[in-house]
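The following report describes pockets, cavities, nonpolar cores and selected residues of one protein chain. The sequence and structure are shown first.

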Amino acid sequence: MTTISRLRPGHADALLAFERENRAYFSASVPDRGDDYFAGFAERHRELLAEQDAGLHHFHLIQDADGTVLGRINLVQVENGSAELGYRIAEKAAGRGLATRAVQQVCVLAVREYGLTELRAETTLDNSGSRAVLARTGFEPVEDVMFGDRPGRRYVLDLRRGAPLAP
């Protein structure tokens, strides 16, 4: 069983361990966060929590029954009823539908808890797993874009039609 919980100060150590353990795996599909991210993690964690408290973002952890972080799922750049969705799933938890279930659950939170009406997302075209998650959860492609030298796609989900239902 997994849970999604809002990011808190006490999550810092577990989140940093998750990011370190999966750094190489993540950098295969998204740009690496760089050494400065890890060196300044504690201060950045505090800054993000302050921004969350101000309503600018909604950060969440995906954890298993024993509290191990399996992923993170975030709604960032909250403005005018809209936010951008982003997620990362640990290598050891990938390919089991966790991202799809987490996106479905955070869509429900977006509507019920945060009052959002639209979510945006983007991914590179070579990230077939992420593109499949977005398709399964109702996101519609809106435009092709470039992320540096990598082709990608932007998506949107109109939450006024209802949040995608969890399986």
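## Buried arginines, cavities and cores

The side chains of Arg72 and Glu19 are joined by a polar contact of 2.7 Å. The model in which this pair is found is a predicted one. Arg72 belongs to strand β3, which spans residues 69-79. Its relative accessibility is 7%, below the 20% limit, and Arg72 is therefore classed as buried. Beyond the residues up to four places away in sequence, Arg72 touches Leu15, Phe18, Glu19, Arg33, Tyr37, His60, Leu61, Ile62, Gly86, Tyr87 and Arg88.

Arg88, one of these contacts of Arg72, is located in strand β4. With a relative accessibility of 15%, again under the 20% limit, Arg88 also counts as buried. The side chain of Arg88 makes a polar contact with that of Glu19, at 3.2 Å. Glu19 thus has side-chain polar contacts with Arg72 and with Arg88. Apart from neighbours within four places in sequence, Arg88 is in contact with Phe18, Glu19, Phe26, Val30, Arg33, Leu70, Gly71 and Arg72. Between the C-alpha atoms of Arg88 and Val108, which are 20 residues apart in sequence, the distance is 18 Å.

### Pocket and cavities

Which residues lie closest to the centre of the largest pocket? The space in this pocket amounts to about 1400 Å³. Its lining consists of 44 residues, and those closest to the centre are Val30, Gly86, Tyr87, Arg88 and Glu122. At least two lining residues come from each of α2 (23-27), α4 (41-53), β3, β4 (82-89), α5 (98-112), β5 (118-124) and α6 (128-136). By class, 20 of the lining residues are nonpolar, 14 are polar and 10 are charged.

The model also has two cavities of 30 Å³ or more. The largest cavity, of about 60 Å³, is lined by Glu19, Arg23, Phe26, Ser27, Val30, Pro31, Asp32, Arg33, Phe38 and Arg88. Helix α2 makes the greatest contribution to this lining, with three residues. Both Glu19 and Arg88, the partners in the 3.2 Å polar contact, are in the lining of the largest cavity.

The second largest cavity has a volume of about 30 Å³. Its lining is formed by Leu15, Tyr37, Phe41, Arg44, His45, Leu48 and Arg72. Here α4 provides the largest share, four residues. Arg72 is thus part of the lining of the second largest cavity, whereas Arg88 is part of the lining of the largest cavity.

The residue classes of the three linings are set out below.

| Space | Nonpolar | Polar | Charged |
|---|---|---|---|
| Largest pocket | 20 residues | 14 residues | 10 residues |
| Largest cavity | four residues | one residue | five residues |
| Second largest cavity | four residues | one residue | two residues |

### Nonpolar cores

The largest nonpolar core comprises 26 residues, and within it Leu75, Leu85, Leu116, Leu119 and Phe139 have the most contacts. Two or more residues of this core come from each of β3, β4, α5, β5, α6 and β7 (150-158). Helix α5 contributes the most, seven residues. Leu85 touches Ile73, Asn74, Leu75, Val103, Val106, Arg120, Ala121, Leu134 and Phe139, leaving out residues up to four places away in sequence. A second core, separate from the largest, has 15 residues, among them Ala12, Leu16, Leu61 and Ala90.

### Positive phi values and a loop residue

Most residues other than glycine have a negative phi. Gln77, in contrast, has a positive phi, near 55°. Gln77 is placed in strand β3 and is partly exposed, with a relative accessible area of 47%. Asn80 is likewise not a glycine and has a positive phi of about 55°. Asn80 is in the loop between β3 and β4, and its relative accessibility of 76% makes it exposed.

Is Asp66 buried or exposed? Asp66 is located in the loop between β2 (58-64) and β3. Its relative accessible area is 63%, which is over the 50% limit, so Asp66 is exposed. The side chain of Asp66 makes a polar contact of 2.7 Å with the side chain of Thr68. Although Asp66 and Thr2 are 64 residues apart along the chain, their C-alpha atoms are separated by 9.2 Å.

Technical notes: Residues numbered from 1 in each chain as written. Predicted model: local features only at pLDDT ≥ 70, side-chain atom pairs only at ≥ 80, totals over all residues. Heavy atoms only, no water. Buried < 20%, exposed > 50% of the residue type's maximum accessible area, 1.4 Å probe, protein only. Polar contact = N/O pair within 3.5 Å; in protein donor to acceptor, adjacent residues only side chain to side chain. Contact = heavy atoms within 4.5 Å. 1 Å grid on protein atoms, 1.4 Å probe; cavity = no way out; pocket = protein on both sides within 12 Å on 5 of 7 lines; lining within 4 Å. Points joined across faces, edges and corners; volume = space filled by probe spheres on them. Nonpolar A, V, L, I, M, F, W, Y, C, P; charged D, E, K, R; others polar. Core = buried A, V, L, I, M, F, W, Y, C linked by side-chain atoms within 4.5 Å.
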